[in-house]
Amino acid sequence: MEGFKRGMLARSKAGHDAGMIYVIIDTDDAYVYLADGRIRTLDKLKKKKKKHVQLICREYDLTDVKDADIRHLLKIHNKEEKK
């Protein structure tokens with residue numbers, strides 16, 4: 001499962017947060033580290049196995065990103081998704 005990059009959006013497929021959308025902040029061999037800007041901030045990332053997330057074909061530049069920026073990206077995505 002390649003293609004996991006920093007700045008991509010991902011939807012959780014398993015766990016108590018199934019269906020939630022996050023931004024990928026970091027990756028390693030087996031895990032992705034996710035943030036949503038509210039509960040999962042940049043200081044407290046969500047560690048999730050790659051097989052438990054579904055990539056959304058959106059990628060954003062995350063240079064000098066803050067939690068408020070992540071919340072804004074996810075808010076815009078949710079509005080576009082509902083159309």
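Biologist: What is the mean pLDDT of the protein, and what share of its residues reach 70 or more?

Modeller: This is a predicted model. The mean pLDDT is 93, and 98% of the residues reach 70 or more. Among the elements, strand 3 (residues 31-35) has the highest mean, 97, and strand 5 (residues 53-59) the lowest, 91.

Biologist: Why is the contact between Glu81 and Arg11 called a salt bridge?

Modeller: The closest N and O atoms of Glu81 and Arg11 are 2.6 Å apart. A salt bridge requires a side-chain nitrogen of Lys or Arg within 4 Å of a carboxyl oxygen of Asp or Glu, so the pair qualifies. Glu81 lies in helix 1 and Arg11 in strand 1 (residues 8-12), 70 residues apart along the chain.

Biologist: What makes Asp17 count as buried?

Modeller: Asp17 has a relative accessibility of 6%. Buried means under 20%, and therefore Asp17 is buried. Lys48, at 8%, is buried by that cut-off. The side chains of Asp17 and Lys48 meet in a salt bridge, with 3.2 Å from N to O. Asp17 is in the loop between strand 1 and strand 2, whereas Lys48 is in strand 4 (residues 46-49).

Biologist: Why is Arg58 called partly exposed?

Modeller: The relative accessible area of Arg58 is 32%. Partly exposed lies between 20% and 50%, so the term applies to Arg58. Glu80, at 36%, is partly exposed as well. Arg58 forms a salt bridge with Glu80, the closest N and O atoms being 2.7 Å apart. This pair joins strand 5 to helix 1.

How values were computed:
Residues are numbered from 1 along each chain as its sequence is written. This is a predicted model: local features need pLDDT of at least 70, side-chain atom pairs count only at pLDDT 80 or more; totals for chains, interfaces and linings use all residues. Side-chain values use heavy atoms; hydrogens and water are left out. pLDDT is the predictor's confidence in each residue, from 0 to 100. Helices (H or I, at least four residues) and strands (E, at least two) are DSSP runs, numbered from the N terminus. Buried means under 20% relative accessible area, exposed over 50%, partly exposed in between (1.4 Å probe, protein chains only).
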